[in-house]
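User: I am new to reading protein models. Please take one part and walk me through it closely, then show me how it connects to the rest.

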Amino acid sequence: MSSINVYGIPGSPFLRSVEIGLREKDLPYLLHALAPGEHKQPDYLARHPFGRVPAFEHDGFSIYETQAILRYLDDVFPNPPLTPPDPKLRARVNQVIGVIEWYFFPKAAAPIAFNRIIGPRLLGVTGDEAAIADAMPMARTCFAELDRLLGDKAYFGGDSVSIADIMLAAQLDLFSECAEGRELIGGTANLPAWLKRMLARPSFVATQPPAMLREAA
Ligand SMILES: N[C@@H](CCC(=O)N[C@@H](CS)C(=O)NCC(=O)O)C(=O)O
């Protein structure tokens, strides 16, 4: 029986993406839940020198970076596949992962979600309104583009769920816990129905963010 260990702070959409990938493939794993700050301590930095979450280990093989972990899982445990076989759809999935990593997360989701959700609800700090306002133009560009790339397809890679769908839906579920997120998602043509479908999947239902990050908390 192989052993899979996942390390991260509950509530992180990147950690959740890995857990969802594992659950989509029906793979048992052990979650090592870190407290905020523990990811900057020497023990964890030995796993992930950049001090980000998640980190992952399979039978002694250690790796970090969410998309690399999910691609590894897809190679080693190919059923069900999370990458489409068609080269153009595959390229589309890879493109969306790039948009998430280079534009959406660092320049839109991180500043808005940190200042609106994580800071005030988890860390007890007041959000920086100027940082939120500064991030909105990039956020609008991201949503317009992600909506266009999804188009009328069921999923970013065509008819079945892909790594891009998992990573983006995990991000948007947290993002929709603030007014800016709901306005941005709700202003698109295709993303709301897609997100609703994604969030209804058992893998998403089983990996809910902690209640304190939810707006009603
Ligand atoms: N490129 C990394 C990004 C991971 C990342 O930024 N995770 C956030 C949580 S969602 C984090 O570790 N934040 C803690 C910090 O920056 O101190 C990946 O794909 O795993």
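User: Which residues form the nonpolar patch on the surface? Please begin there, then look closely at strand β3 and what surrounds it.

Analyst: A word of care comes before the tour: this is a predicted model. The surface patch consists of Phe114, Leu123 and Val125. Together they have about 240 Å² of accessible area. Phe114 sits in helix α4. Its relative accessible area is 37%, so Phe114 counts as partly exposed.

Leu89 also belongs to helix α4. Leu89 is partly exposed too, at 27% relative accessible area. Setting aside residues up to four places away in sequence, Leu89 touches Pro84, Lys153, Gly157 and Gly158. Pro54 is 35 residues from Leu89 along the chain, and their C-alpha atoms are 27 Å apart.

Now to strand β3, which covers residues 55-58. In a regular strand, side chains alternate between the two faces of the sheet. Here Ala55 and Glu57 point one way. Phe56 and His58 point the other way. All four are buried.

Next, the partners of the strand. β1 and β3 pair in the antiparallel sense, over four bridges. One pairing to find on screen is Asn5 with Glu57 of β3. Strand β4, residues 61-64, is also joined to β3 by four bridges, and these two run antiparallel as well. There, His58 stands opposite Phe61 of β4. β3 and β4 form a hairpin with two residues between them. Asp59 lies in that turn and has a positive phi of about 50 degrees.

Follow the side chains out of β3. Phe56 is among the residues with the most contacts inside the largest nonpolar core, which has 60 residues. Leu22, Phe104, Phe156, Leu168 and Trp194 are in that group too. Several elements each supply at least two residues of this core, including β1, α1 and α3. The largest share comes from α4, with 12 residues. Take Leu22 as a guide. Leaving out its neighbours within four places in sequence, Leu22 is in contact with Ile4, Val6, Leu27, Tyr29, Phe56 and Leu73. A second, separate core has six residues. Ala55 is one of them, and Ile9, Leu34 and Val53 are others.

Glu57 brings charge into the picture. Side chains of opposite charge can pair when their charged atoms come close. Glu57 meets Arg47 in a salt bridge, at 3.3 Å from N to O. Arg47 is in the loop between α2 and β3, 10 residues from Glu57. Glu57 has 18% relative accessibility, so it counts as buried. The cut-off for buried is under 20%. Arg47, at 29%, is partly exposed.

The salt bridges come to 10 in the count. Another one joins Arg16 and Asp173, whose closest N and O atoms are 2.7 Å apart. Arg16 lies in helix α1 and Asp173 in helix α6, so this pair ties together parts 157 residues apart in sequence. Arg16 is buried, with a relative accessible area of 5%. Asp173 is buried as well, at 6%.

One more pair completes this group. Glu177 forms a salt bridge with Arg214, with the closest N and O atoms 2.8 Å apart. Glu177 is in the loop between α6 and α7, and Arg214 is in the segment after α9. They are 37 residues apart in sequence. Both are buried. Through shared partners, salt bridges join Arg16, Asp173, Glu177 and Arg214 into one network.

Terms used: Residues are numbered from 1 along each chain as its sequence is written. This is a predicted model: local features need pLDDT of at least 70, side-chain atom pairs count only at pLDDT 80 or more; totals for chains, interfaces and linings use all residues. Side-chain values use heavy atoms; hydrogens and water are left out. A nonpolar core is a set of buried Ala, Val, Leu, Ile, Met, Phe, Trp, Tyr and Cys residues joined through side-chain atoms within 4.5 Å. Buried means under 20% relative accessible area, exposed over 50%, partly exposed in between (1.4 Å probe, protein chains only). Contact means heavy atoms within 4.5 Å. Patches are made of residues with over 30% relative accessible area and no salt bridge: like charges are joined within 9 Å, nonpolar side chains (Val, Leu, Ile, Met, Phe, Trp, Tyr) within 5 Å. Accessible areas come from the Shrake-Rupley method with a 1.4 Å probe; for residues, only the protein chains shown count as cover. A salt bridge is a side-chain nitrogen of Lys or Arg within 4 Å of a carboxyl oxygen of Asp or Glu. Two strands pair if DSSP finds at least two bridges between them.
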